[in-house]
Amino acid sequence: MAKTKTPSGLSMKHKIGYACGDLGGCMTFALMGSIVTRYYTNVLQVNTVVLATMLLVWNVWDAVNDPLMGALMDKVFAKHHGQGGKFRPWLLRSAPCVAITFIIFFTVPTYFKGVTMLVVLFFCKILYEGFYTMFNIPMGSMLSAMADTDGERAALSSARGFGSMIGNIIPMIIMPQLLAKFGDTSKAFGIGATLCAIVGFVFCMLHYAWTEERHVSVAPSENNDSVKLTDILNVFRVNRPFLALCIHGICICTMQYVSSTLGTYMYGDVLGNIGMMSMASAVSMPLGILALIITPKIADKVGLERMIRICLLTASAIYFVLFGALMVASVPAIAYMLISSIALGLASVSIYMQWGLVGEAIDYNEMITGKRTEGSIYGTFNLTRRIGQTVGNSAAVLALGWIGYQAGAATQTAGTLTGIKALVVLIPAIFILGSWIAFRFVWNITPDVRAKMAAFKSGKETPAAE
C-alpha cells in the first residue's frame with residue numbers, strides 16, 4: 001500500500017487546526033450529553049419512559065451510521081482517489097449542517113405539543129446526529145492521515161484533548177448561567193443553542209482550513225475492491241488492541257453520560273446549587289490543562305497505556321470514596337465539586353489520550369491484515385462509544401423514573417436523592433474500573449509488538465495472512 005507524504009513535519013497551525021475540530025464539534029455535542037435531558041423533561045415535558053425509548057432508537061441509529069460512515073469514506077476514496085483528500089471534503093459539507101440542525105433541535109419542537117412535538121423532536125435529533133457523524137468521523141480519522149510517528153500522534157492527541165476540553169467546558173459555562181437567569185424555559189435553551197452553534201461552526205471551519213492530509217493511504221488500482229464493509233468483523237477477531245479500546249469506549253462513555261446526564265439533578269436537587277455547575281466547568285479547565293501538560297512527560301517514563309491505567313484506577317477509587325462520604329454525611333457543594341472534578345479529570349486522561357492509541361491500533365491492524373482502513377476502524381470505535389452513550393443516557397433517563405424523580409417538585413424524596421447519588425457517583429466508579437480492566441487484561445501491544453510494527457512500516461516485514 002503506497003502512501004503520499006508531505007516533506008515538512010507538523011506545524012503549530014496543524015496542531016491548532018486539529019484542536020479546533022473537536023472544539024467546534026463539542027460546542028454542540030456537549031449539550032447533547034448533559035443539559036439536553038433537562039430540555040426534554042422540564043421544557044418539552046416528555047415522559048421519562050417515552051424519552052428512554054426515543055433515546056434508545058436514536059442511539060441505535062447512531063450506532064449504525066458511525067461505522068457505515070467510516071466504511072463509506074474508505075470505500076469512496078479507494079475507488080476515486082479524490083484530489084481533495086480522503087476526509088477533508090466531508091468536513092466542508094457537514095459543518096454548516098451541524099450548526100443549523102442543532103439550532104433547529106433546540107427551538108422548533110417547542111412550537112408543538114403532544115404527539116406532533118414528539119415526531120418533530122425525533123426527526124430533528126435524527127438530522128443533527130446524522131450530520132454530526134458526517135463531521136466527527138472524518139475529523140477523528142484525520143489524526144492517522146496527519147501523523148505518522150508516535151511523537152506526532154501524541155502531539156495531535158494532546159491538541160485534540162485541549163480542543164475537546166475547551167469545547168466541553170464553554171457550553172457548560174454558558175447554559176447553566178442562562179438556566180439560572182431564565183429558568184427551565186425555551187428562551188434559555190434557544191439562546192444557548194444558537195450561541196454554541198455559531199461558535200462551534202467557526203471552529204469547525206478553522207479545523208478545515210488549518211489541517212491537511214499529510215499521509216494519505218493509496219491502494220493500488222487492482223486492490224480497490226479489497227476494501228469491504230465487512231472488513232471490520234475480522235478486525236474484532238484479530239485485533240486485541242482495538243477490542244480493548246472498544247471495551248474502554250463503552251465503559252468510559254457510560255461513565256460520562258450517566259454523570260453528565262444527571263449532573264444537573266445532583267447539583268440542583270441534591271446539593272441545591274445548580275449554579276455550581278459553572279464553577280465545576282471552570283475548575284475542570286485548569287485541571288485538564290495541567291493534565292495535558294504533565295501526562296506526556298509521565299507517559300515517556302512509564303508508558304502511555306500504563307499511565308492511563310494508573311489514572312483510571314485512581315479516579316475509580318476517588319469516586320468510591322466520594323460515594324461513601326455522600327451516604328454518611330452532608331457534603332458541601334463546593335467540596336463535592338472539587339473532589340468530583342479531580343476524579344473526572346483523572347478519568348478524562350484516558351479520553352484525551354485514547355486517540356493516539358486508536359492510531360496505534362490502526363497500525364497494528366495494517367500489519368496483521370495488510371489493509372489501512374482508518375475510517376472503518378475509527379467509525380466502529382465510535383460505535384462502541386455510542387453504545388456507552390446509549391447505556392449511559394437512556395438508562396440514566398429511565399432510572400430517573402425508577403427512583404421516583406418528580407419534575408418541577410420543590411423537593412425530592414430521600415429515596416430519590418439517594419438514587420441520584422448512586423447514579424452520578426457510584427455508577428461512574430464501576431464503569432471506570434471496567435475501562436481499567438480492558439487496558440490491563442486485553443490490550444496486548446508490548447515493546448516487542450511495537451518493534452514488529454516499526455519494522456513493518458519500514459518495509460522490513462510483510463503483513464500476516466488474514
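This passage describes the internal spaces of a predicted model and the packing of some of its helices.

The cavities are taken up first. Five cavities of 30 Å³ or more were counted in the model. The largest cavity has a volume of about 1000 Å³. Its lining is made up of 42 residues. Nearest the centre of this cavity lie Asn 168, Met 172, Gln 256, Ser 260 and Leu 344. Several helices give two or more residues to the lining. They are α1 (12-32), α5 (114-146), α6 (150-182), α9 (240-261), α10 (263-270), α11 (276-302), α13 (333-369) and α14 (374-402). The largest share comes from α13, which supplies nine residues. Sorted by class, the lining of the largest cavity holds 20 nonpolar residues, 18 polar residues and four charged residues.

The second largest cavity has a volume of about 90 Å³. Lining this cavity are 13 residues. Met 32, Asn 59, Lys 125, Glu 129 and Asn 393 are the closest to its centre. At least two lining residues come from each of α1, α3 (48-80), α5 and α14. Of the elements, α3 gives the most, with four residues. The lining of the second largest cavity divides into five nonpolar, four polar and four charged residues. Helices α1, α5 and α14 thus appear in the lists for both the largest cavity and the second largest cavity.

Open spaces were examined as well. The second largest pocket holds about 240 Å³ of space. It is lined by 15 residues. Those nearest the centre of the pocket are Leu 287, Ala 291, Ile 294, Leu 346 and Val 349. Helices α11, α12 (304-328) and α13 each supply at least two residues of this lining. The most come from α11, which gives seven residues. By class, the lining of the second largest pocket has 11 nonpolar and four polar residues, and no charged residues.

Helix packing is considered next. Two packed helices are described by the angle between their axes and the distance between the axes. The axes of α1 and α4 (residues 88-107) come within 10 Å and cross at roughly 30 degrees. Angles under 35 degrees count as roughly parallel, so α1 is roughly parallel to α4. The crossing of α1 past α4 is left-handed. On the α1 side, the contact is made by Thr 28, Leu 31 and Met 32. On the α4 side, it is made by Val 98, Phe 102, Phe 105 and Phe 106. This contact has six nonpolar residues, one polar residue and no charged residues. Met 32 of α1 takes part in this contact, and Met 32 is also one of the residues closest to the centre of the second largest cavity.

Helix α14 was examined in two pairs. In one pair, α9 and α14 pack at an angle of about 30 degrees. Their axes are 7 Å apart. Here α9 passes α14 in a right-handed crossing. The contact of α9 with α14 has 13 nonpolar residues, nine polar residues and one charged residue. Both α9 and α14 also give two or more residues to the lining of the largest cavity.

In the other pair, α3 and α14 pack at an angle of about 175 degrees. The axes of α3 and α14 are 7 Å apart. Angles over 145 degrees count as roughly antiparallel, and α3 and α14 are therefore roughly antiparallel to each other. The residues of their contact divide into 12 nonpolar, 13 polar and five charged. Both α3 and α14 also supply at least two residues each to the lining of the second largest cavity.

Definitions and conventions
Residues are numbered from 1 along each chain as its sequence is written. This is a predicted model: local features need pLDDT of at least 70, side-chain atom pairs count only at pLDDT 80 or more; totals for chains, interfaces and linings use all residues. Side-chain values use heavy atoms; hydrogens and water are left out. On a 1 Å grid over the protein atoms alone, a cavity is a set of points where a 1.4 Å probe fits but cannot get out, and a pocket is an open set with protein on both sides within 12 Å along at least five of seven lines; lining residues have an atom within 4 Å of a point. Grid points are joined across faces, edges and corners, and a volume is the space filled by probe spheres set on the points. Ala, Val, Leu, Ile, Met, Phe, Trp, Tyr, Cys and Pro count as nonpolar, Asp, Glu, Lys and Arg as charged, and the others, Gly among them, as polar. Axes are lines fitted to C-alpha atoms, for helices over the stretch in contact, and angles run from 0 to 180 degrees between N-to-C directions. Angles under 35 degrees count as roughly parallel, over 145 as roughly antiparallel, 65 to 115 as roughly perpendicular and the rest as oblique. A crossing is left-handed if the near helix is turned anticlockwise from the far one by less than a right angle, and right-handed if clockwise. Contact means heavy atoms within 4.5 Å.
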